Structures are given as structure tokens and as C-alpha cells.
Amino acid sequence: MNGHFEPITCLDCCINGKFLASGSDDTNIKIWNIQQEKCIATLKGHNSTVTSVKFSTSSTKLVSSSDDYTVMVWDITKKECISSHKCHSDLVKRALFSNDDKVIISCSWDNTIIKWSTES
């Protein structure tokens, strides 16, 4: 599967195994249909390398982190960013949903772990 213009830095597969998300040095996130081996969406919003992508348990949302110090939450159905958080003072290396999808947790080179509710 080809589509990014720079090295791919992270991957995640949704729980039902139908879709794959990839992040890249090209600042984009691609959503792939695994069976068709086809890119079905390109999510644009980060201004630097995408360092992590993680599907929610429901597979309806995706959280991403970036070297631009942000964490973004994406609606996979609408293929758009529904929230953006510049919550760290340095590169954000990982972000993920809790098992119940009610909390997002991120970590950064600023030596912090931050969590916030997805229900607010």
C-alpha cells in the first residue's frame, strides 16, 4: 500500500481488523481499507511528524499525536478533526484512548503525562 510521501512513523489497526491508520513524516494520516489495500481517507491537520495514531475501541474515532506539540481527535466516519489540543510544551510522542474510550492519555518529551475526558 503506497500513499505517503515521507517515511511512515506509526500504525494502528482497528479492533475489527478492517481498517488501518498510518502516520508519517509528511504530517498526514492515512486510513486504509486493509482488504482492498486502498487508502480511503487522508486526514490533514498536523504541522509536523505524526508520532502516533490509535483507534478508539468503538473504531469510530482516532487519536493522533505529533511533533507539533498537539494531540488531535478525528471522527473516522466524517473524516475530520473534531478536537485539537496543544497540551504539551514539547514533542508529543504517544496518545491513546482508555479501554472505555472515555479518557485520552498523552505523553511528551516535556516529561509529562496528560489525560482528559472525551465526554466534555
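**Cysteines, strands and cores, set against their definitions**

Q: Why is Cys39 called partly exposed?
A: The relative accessibility of Cys39 is 26%, and partly exposed is the class between buried (under 20%) and exposed (over 50%), with a 1.4 Å probe and protein chains only. The model is predicted, so local features need pLDDT of at least 70 and side-chain atom pairs pLDDT 80 or more, while totals for chains, interfaces and linings use all residues. Residues are numbered from 1 along each chain as its sequence is written, and side-chain values use heavy atoms, without hydrogens or water.

Q: What makes Cys14 buried?
A: Cys14 has 3% relative accessibility, so it counts as buried.

Q: How do you know that Cys14 and Cys39 form no disulfide?
A: A disulfide needs two cysteine sulfur atoms within 2.5 Å. For Cys14 the closest cysteine sulfur is that of Cys13, 5.3 Å away, and is therefore too far for a bond. For Cys39 the closest is in Cys10, at 14 Å, again too far for a bond. The structure as a whole holds 0 disulfides.

Q: What makes β5 largely enclosed by the rest of the structure?
A: Strand β5 covers residues 50-55, and 5 of its 6 residues are buried, so the surroundings enclose most of it. A strand here is a DSSP run of E, at least two residues, numbered from the N terminus.

Q: How do you know that β5 and β6 pair?
A: Pairing takes at least two DSSP bridges, and β5 is joined to β6 (residues 61-66) by 5, in the antiparallel sense. Val50 stands opposite Ser66 in β6. The two strands form a hairpin with 5 residues between them, where Ser59 in the turn has a positive phi of about 65°.

Q: Why are β9 and β11 called edge strands?
A: β9 (92-97) and β11 (113-117) each pair on one side only. The open sheet has 3 strands in the order β9-β10-β11, with antiparallel pairing. β9 is joined to β10 (residues 103-108) by 5 bridges, and Arg94 has Cys107 in β10 as its bridge partner.

Q: What makes up the largest nonpolar core?
A: This core has 14 residues, and Ile29, Ile31, Val53, Phe55 and Leu62 have the most contacts inside it. A nonpolar core joins buried Ala, Val, Leu, Ile, Met, Phe, Trp, Tyr and Cys residues through side-chain atoms within 4.5 Å. β3 (28-33), β4 (38-44), β5 and β7 (71-75) each supply at least two of its residues, and the largest share, 3 residues, comes from β5. Another core, of 8 residues, lies apart from it and includes Val63, Ala95, Phe97 and Trp116.

Terms used: Helix = DSSP H or I, 4+ residues; strand = E, 2+ residues; numbered from the N terminus.
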